[in-house]
Amino acid sequence: MKAIRTTLATAWRIAVPYFNAEDKWMGRGLLAAVVVIELAVVGLTVLFNRWNNDFYNALQERNGDVFTFQIVYFCVLAAIWIALKVYQLYLNQWLQIRWRQWMTERYLGGWLHDANHYQMQLTGDAADNPDQRIAEDTQLFVERTLALSIGLLNAVVTLASFVVILWGLSNQAPLHLFGQDIAIPGYLVWGALIYAVIGTALTHWIGWPLVDLNFRQQRYEADFRFNLVRARENAEQIALLRGEPAERGELSERFGRVAENFMRIMVRTKRLTAFTASYSQASIIFPYILVAPAYFAQKIQLGGMMQTASAFNSVQDSLSFFISAYRTLAEWQSVVERLDGFERSVENATASRDNPGVARVHSPAAGGIGFKDLNLTRPSGSPLISADGFRFSDNEHTLIVGPSGAGKSTLFRAIAGIWPFGSGSIAIPAEATLMMLPQRPYFPVGELRAAIVYPAEADAFSDEQVAEALRDVGLPALAEQLDQHGHWNRTLSLGEQQRLGIARALLHAPQYLFLDEATASLDEPSEAMLYKLLDRKLPDTTIVSIGHRSTLEAFHQRGAMLTPSDNGFALQDRVRAAAPEVGLAGG
Ligand SMILES: Nc1ncnc2c1ncn2[C@@H]1O[C@H](COP(=O)(O)OP(=O)(O)OP(=O)(O)O)[C@@H](O)[C@H]1O
């Protein structure tokens, strides 16, 4: 019960913001229309119920005129019913897509706000497959929430209308057993109530494990899909390593979990269906059994009996709403849990960014980037790097070296503000523009022009500017293909991708450029050419590089290294053995 209350409260929290958002008038209007139509549908059900009485009485009395009138009357009711049903579905779907669109935008906004998506990955909590939350769960949530709440409304209103009718019918057709009337006011209502309560309790007892099973099913399906996508994304590596059997084994194992859980769902659903199907079949004859004695004792007519049966079924249907909606309810509960997990995960990521262990503060303009008591740790808390009093001065190029895994890239992440683990502060001039170039730059799939200038808009630079940057970095052939669409991370060599990365830096001209082994896949002369190009084209940019090649020293005035310390590794100035021969500073 507590779980149901918690789920309802959570669902309310997830659902309500849409009806208070910019689209609220449209959303509220559509919802009101759907509700009004639902009420009209219940009203029609009451008219149909009365029609039963008149129609069957006409049949019993062999009254042709009344029969014909009732047929015409039925057709009118049916026509209205059809129109209501058509528009109810149409407006319901309209509301669904607007609501879902709003939720999707909101979740995309939260997920892609600053580095939330990265933080969520780092902390690795409940929202393990955000793509599933955003794409699938929002759709399920909107659809199921509407279906269940409109279904519930129908059940309540139908119940209220028909309990009154059934109560009246109980008095017209008193319980007649063993040759005498037994006066139980509203006995048909009590009969329906007891029947439904027993059914609901049994359904819950048989079906409750489905909530958890459905939750797991969605997770296993998402894991399987995610790993298929990973295999596709890394097709070349897998093919080169002949990793297909390993991939296949892994994927089969993951699908095994999907299938195994599905089998459990099947078994449970089979039991539940056996019960609900028996229950609904029994519901057809149960009211006849209740009123048959009164009918045979000639206390009521055929019409009265048919109307009673139909009213009983309506009452019983609404009381059994929970039974018919059980599977939907179980699925809906899992969806609510997952969306709640996602929302909490976004909130946690935002909170950890707003209160990071590592503070980013503003240093005076042209003050460079400095560290104070900086101690970076792994997410587990184990120490990684310490840096105190170190500064990347403006217009000075620094090369950082250090053992693999020491935390060089993590230092860059902290400077970029996406690594919250640790303590101390990093001072960066206000409004400074920073750009990080990793070893494998990211290019969105699409037009080459947009891929290069990412994350700026495709038209942020003129074609001539982009083409010039491409020619400068030694990719003149690509300068002719700016309109071409492609998956550039897949089709270009790593060296070409690194050249493209430098072209991106040339276009954006950041104040601080961080190169994390960004030219490591190029031969030494090409690397030298690119560094000289950067120096020539971006004279006001401060460059900090991470690299393992000693030839890089020639292009940096200053050396820094990570040396083992009590706190992992310490960032310190590096004293060079000899002055570089071809330094950028020196020419
Ligand atoms: N997302 C993460 N979760 C947990 N540990 C991480 C994560 N990212 C990095 N680390 C750990 O932090 C340590 C430093 O990683 P980092 O990438 O900064 O090393 P690096 O000095 O740049 O290494 P390399 O020279 O090999 O690129 C490594 O031990 C790594 O396993």
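In this predicted model, the chain over residues 30–51 is 100% helix and 0% strand, with the end C-alpha atoms 31 Å apart. Residues 71–91 are likewise described as 100% helix and 0% strand, and here the end C-alpha atoms lie 30 Å apart. Both stretches belong to the UniProt annotation "transmembrane region", taken from an unreviewed entry, which covers residues 30–51, 71–91, 146–167, 187–211 and 272–296.

Further along the chain, helix α15 (residues 463–472) packs with helix α17 (residues 494–508) at an angle of about 135°, and the axes of the two helices are 9 Å apart. An angle that is neither under 35 degrees nor over 145, and that falls outside 65 to 115, counts as oblique; α15 and α17 are therefore oblique to each other. Their crossing is right-handed. On the α15 side, the residues that take part are Gln465, Val466, Ala469, Leu470 and Asp472, and these meet Ala503, Leu506 and Leu507 in α17. By class, this contact comprises 6 nonpolar residues, 1 polar residue and 1 charged residue.

The model also has a ligand, and the residues around the ligand are Leu122, Arg378, Pro379, Leu384, Ser404, Gly405, Ala406, Gly407, Lys408, Ser409 and Thr410. Helix α13 (residues 408–416) provides the largest share of this shell, with 3 residues. Divided by class, the shell around the ligand holds 4 nonpolar, 5 polar and 2 charged residues.

Notes. Residues numbered from 1 in each chain as written. Predicted model: local features only at pLDDT ≥ 70, side-chain atom pairs only at ≥ 80, totals over all residues. UniProt positions renumbered as here; feature names shortened; annotations may be inferred. Helix = DSSP H or I, 4+ residues; strand = E, 2+ residues; numbered from the N terminus. Axes fitted to C-alpha atoms, helices over the stretch in contact; angles between N-to-C directions. Left-handed = near helix turned anticlockwise from the far one by under 90°. Contact = placed C-beta atoms within 7 Å. Nonpolar A, V, L, I, M, F, W, Y, C, P; charged D, E, K, R; others polar. Near = placed C-beta within 6 Å.
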